[in-house]
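Student: I am new to this structure and would like to go through it step by step. Could we begin with the ligand and then turn to the charged side chains?

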Amino acid sequence: MNLFFRRSIIAGTGLFLCIFMIVHLSANCILLLPEEIARGMYNAYSTTLRENPIIKIVAYLLYLSILLHVIYAILVTFRNRSAKPDKYAINKTEDNSSWASQNMGLLGILLLLFLIVHLANFWARIKLGMGASVGLDAAGNVDVYEVTSSLFHNGFYVLFYSLLMIPLGFHLNHGLKSAFKTLGFYHRKGLKVLARVSVIYASILSVGFGIIPLIVYFK
Ligand code: HEM
């Protein structure tokens, strides 16, 4: 399988994950509302996600995208390590010699660590019923708000979630630009706009996800 194909898989799945992240952050902003409104809304939203058949299909696509993204990123990283520098697909631009581009592997490993802990905290408990059982709210929905709120009243998890959003920001900033270039976007002015959009996107996502645990902790 050639390098372009592998990079295209990383780019395509990465862009899909970027869209998921916007939806996921928007939903998690509910946590910033006063508790009496937030609990019911958050739990109702979470129940809709789990029960809607179309969203279930999207969720399976999401899991597949995460797996493919990680597997192909590992394959490309190992291939690049053993390849001569001049074999790199794109290696001459300023952007590709940035700190983030040189360390996408390290950033990816930190995010994978985050994701494993995050899925164990929520997904495994709520969807697979692992660990302590989760109660129901007044409307009879699974009380996902309580799971989130109690997790973010633990200082260790608040720090873990907030600090790991820094590597997330670097990874998203470089990843978004890189994905468009891999898929053939090379318009000179367009690339400048893309660079700005990537910084804005990555900043909103990392600051947004990073401050939610802190706000819930101090609420
Ligand atoms: C403030 C930070 C975050 C909070 C409060 C949060 C909350 C949640 C909750 C409650 C669920 C389970 C949803 C349900 O089944 O009802 C979930 C699932 C998930 N989260 Fe997060 N999340 C956060 C950040 C992130 C980040 C930064 C990522 C990616 C790097 C991420 C990726 C995922 C994935 C992949 C799932 C599984 C989706 C599914 O349930 O099908 N989350 N999150």
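Tutor: A residue is near a molecule if one of its heavy atoms lies within 4 Å of it. This is a predicted model.

Student: How many residues surround the ligand, and which are the closest?

Tutor: With that cut-off of 4 Å, the shell around the ligand can be counted. It holds 26 residues. The closest are His-24, Ser-46, Tyr-63, His-118 and Lys-127.

Student: How many residues of the shell around the ligand are nonpolar, polar and charged?

Tutor: Tyr counts as nonpolar and Lys as charged. Sorted by class in this way, the shell has 5 polar and 2 charged residues, and the nonpolar ones number 19.

Student: Which atom of the ligand is 2.8 Å from an N or O atom in the side chain of His-118?

Tutor: Two other side chains have such pairs with an oxygen atom of the ligand: Tyr-63 at 2.6 Å and Arg-50 at 3.0 Å. For His-118, the ligand atom at 2.8 Å is a nitrogen.

Student: Which elements give two or more residues to the shell around the ligand?

Tutor: The elements that meet this condition are α1 (3-28), α2 (35-51), α3 (53-82), α5 (104-121), α7 (144-151) and α10 (188-218).

Student: How many salt bridges does a search of the whole structure find?

Tutor: Side chains of opposite charge can pair when their charged atoms come close. The cut-off for a salt bridge is 4 Å between the side-chain nitrogen and the carboxyl oxygen. Searching the whole structure gives 3.

Student: Where do Glu-35 and Arg-39 lie?

Tutor: Their side chains meet in a salt bridge, 2.6 Å from N to O. The two residues are 4 apart, about one turn of the helix, and both are in helix α2.

Student: Is Asp-143 buried or exposed?

Tutor: Asp-143 forms a salt bridge with Arg-39 at 2.8 Å, N to O. Asp-143 is in the loop between α6 (123-126) and α7 while Arg-39 is in helix α2, so this pair ties together parts 104 residues apart in sequence. The limit for buried is under 20% relative accessible area. Asp-143 has 9%, so it is buried.

Student: Which residues are linked in a network of salt bridges?

Tutor: Arg-39 also meets Glu-146 in a salt bridge, at 2.9 Å from N to O. That pair joins helix α2 to helix α7 across 107 residues. Glu-146 is partly exposed at 36% relative accessibility, and Glu-35 is partly exposed at 39%. The network consists of Glu-35, Arg-39, Asp-143 and Glu-146.

Note on methods: Residues are numbered from 1 along each chain as its sequence is written. This is a predicted model: local features need pLDDT of at least 70, side-chain atom pairs count only at pLDDT 80 or more; totals for chains, interfaces and linings use all residues. Side-chain values use heavy atoms; hydrogens and water are left out. A polar contact is a pair of N or O atoms within 3.5 Å; within protein, one must be able to donate a hydrogen and the other to accept it, and residues adjacent in sequence count only if both atoms are side-chain atoms. Buried means under 20% relative accessible area, exposed over 50%, partly exposed in between (1.4 Å probe, protein chains only).
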